[in-house]
Amino acid sequence: MSTTLGDWRWDNQVARLSIDMSSSTKFESLSGVWGLQEFGVLLNGLSRRQIDRLFKKAEGIVSCAVVLADGTTLHMVGAFDDASSAQGLFLLDAISDDADPEPGPSLVPVFQPILSLKTGRISGFEALARWPSADSNSPHRYRDDALASNMMIHASQALARWREIDGFESAFIQVNLTARDLMDPKLVDLAIVLIDGYSLTGAGLRFELTEQAALRDIDQALSMAQRLKKAGAAFVLDDFGTGHSSFLWLAQLPADSLKVDFDLISKIEDEKVRTILEAITLMAQRLGMTTTAEGVESRDLLPILQDIGFDYAQGFALGRPMSAKRIDALLAATV
Ligand code: G
Ligand code: MN
């Protein structure tokens with residue numbers, strides 16, 4: 001189990017690493033502002049070269065073991081905000097055995113706003129992975145064990161920043177998990193350190209899992225959901241209503257929220273579909289879950305969705321998936 005020791009920030013323009021270690025740890029003496037060379041003196045040779053390489057790359061995830069000259073090992077985890085700066089946490093133990101958890105070239109996380117139908121304001125975001133060039137590494141075909149952990153790191157950092165803005169203190173972010181991710185116990189450890197390290201209290205970090213993915217191994221899905229919830233994360237059932245929903249299973253799964261599939265929302269004009277949607281939101285409410293309508297392509301739908309009982313809405317009409325930088329600007333303009 002990893003423990004958060006403190007945080008770091010790398011400024012590429014002045015080539016300085018600022019470290020703020022919690023004063024209750026024996027690593028307090030690492031606190032301060034360092035040039036890479038001076039910091040390197042504290043490390044063993046291999047770590048020195050690895051850190052040099054990671055910072056020179058100026059993009060993506062920073063995740064590496066840092067071996068101090070006395071042999072103690074820390075783990076540095078974080079990400080570049082843009083080419084000019086990176087930030088992250090120091091952990092006592094490694095969060096992953098992967099030597100290089102970078103999920104292929106040029107992963108760009110994007111974020112799609114989720115609107116509260118009660119306030120009409122942005123309440124949260126879904127984090128989505130995008131690859132700018134649709135080549136052989138296109139999102140559909142790309143398989144990478146480190147994708148979920150990379151997305152979690154990017155999403156947690158971005159959310160921590162957005163939560164500092166007035167009115168967005170309790171914003172949340174939803175990261176997608178696949179059936180394969182359910183087999184990876186390290187994700188729970190990572191969730192624990194990210195929630196702790198970035199103070200993502202009040203279920204700031206949430207996980208989406210489709211019914212199909214969960215049904216591939218129900219026991220594994222149940223156990224993962226329980227452990228993520230215990231870590232302080234929330235669990236969202238994605239694409240609800242179009243898979244092979246089993247109510248028995250819904251009774252067992254500790255989900256906090258249902259995301260109702262685009263296919264159902266697009267047929268909202270149909271009386272029967274509307275009745276079904278009303279029943280879904282009522283059922284969710286009685287079960288203590290919130291509901292999100294997906295694929296909202298027209299703002300005219302908002303009052304209808306609210307009437308039906310939905311809590312949140314997401315879709316192109318409310319905001320396309322966009323870069324963290326564009327969300328920064330969007331939130332700054334909303335305040
Ligand atoms: O099911 P899931 O929550 O993972 O769906 C997210 C996907 O849906 C993203 O790939 C996003 O680009 C896409 N999406 C988001 N909003 C809309 C929308 O309004 N219409 C359509 N057709 N797709 C959308
Ligand atoms: Mn999703």
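## A buried lysine to start from

K259 is buried, with a relative accessible area of 0%; buried here means under 20% relative accessible area, exposed over 50%, and partly exposed in between, using a 1.4 Å probe and protein chains only. This is a predicted model, in which local features need pLDDT of at least 70 and side-chain atom pairs count only at pLDDT 80 or more, while totals for chains, interfaces and linings use all residues. Residues are numbered from 1 along each chain as its sequence is written, chains are lettered from A and ligands numbered from 1 in the order in which they are written, and side-chain values use heavy atoms, with hydrogens and water left out.

Which residue forms a salt bridge with K259? The partner is E126, and the closest N and O atoms of the two are 2.7 Å apart. A salt bridge is counted when a side-chain nitrogen of Lys or Arg lies within 4 Å of a carboxyl oxygen of Asp or Glu. K259 sits in strand β12 (residues 257–260) and E126 in strand β8, so this pair ties together parts that are 133 residues apart in sequence. Helices (H or I, at least four residues) and strands (E, at least two) are DSSP runs, numbered from the N terminus. E126 also counts as buried, at 5% relative accessibility.

## Around ligand 1

K259 brings us to the ligand as well: one of its polar side-chain atoms lies 3.3 Å from an oxygen atom of ligand 1. Two acidic side chains do something similar. A polar side-chain atom of E294 is 2.6 Å from a ligand oxygen, and one of D239 is 2.8 Å from a ligand oxygen. The protein covers 75% of the 520 Å² of accessible area that ligand 1 has on its own; these areas come from the Shrake-Rupley method with a 1.4 Å probe, and for residues only the protein chains shown count as cover.

In total, 17 residues surround ligand 1, the closest being Q112, D239, E294, E297 and F316. A residue is near a molecule or strand if one of its heavy atoms lies within 4 Å of it. By class, this shell holds eight charged, five nonpolar and four polar residues. Ala, Val, Leu, Ile, Met, Phe, Trp, Tyr, Cys and Pro count as nonpolar, Asp, Glu, Lys and Arg as charged, and the others, Gly among them, as polar. Strands β8 (122–130) and β11 (234–240) each supply at least two residues of the shell, and β8 gives the most, with three.

## Two positive phi angles

Most residues other than glycine have a negative phi. D239 goes the other way, with a positive phi of about 55° although it is not a glycine. This ligand neighbour belongs to strand β11 and counts as partly exposed, at 23% relative accessibility.

A203 is another such case, with phi near 55°. A203 is found in the loop between α4 (186–197) and β10 (205–210).

## Salt bridges across the chain

How many salt bridges does the rule give? The count comes to eleven. One of them joins D81 and R161, at 3.7 Å from N to O. That pair links distant parts of the chain, with D81 in strand β5 (residues 73–82) and R161 in helix α3, 80 residues apart. Both ends are partly exposed: D81 has a relative accessible area of 27%, and R161 stands at 25%. The two also belong to a network of salt bridges that links R9, D81, R161 and D328.

Another salt bridge brings D311 and K118 together at 3.0 Å, N to O. D311 lies in the loop between α10 (301–308) and β14 (312–313), and K118 in the loop between β7 (108–116) and β8, so the pair ties together parts that are 193 residues apart in sequence. Is each partner buried or exposed? D311 counts as buried, at 16% relative accessibility, whereas K118 is exposed, with a relative accessible area of 62%.

## An enclosed helix and a buried glutamate

Helix α3 (residues 147–162), home of R161, has 16 residues and reaches 22 Å from its first C-alpha to its last, close to the 22 Å expected at 1.5 Å a residue. That expected span is 1.5 Å times one less than the number of residues. Of the 16 residues of α3, 15 are buried, so the helix is largely enclosed by the rest of the structure.

In strand β10 we find E208, which is buried, with a relative accessible area of 0%. Its side chain makes a polar contact with the side chain of Q174, at 2.6 Å. A polar contact is a pair of N or O atoms within 3.5 Å; within protein, one must be able to donate a hydrogen and the other to accept it, and residues adjacent in sequence count only if both atoms are side-chain atoms.
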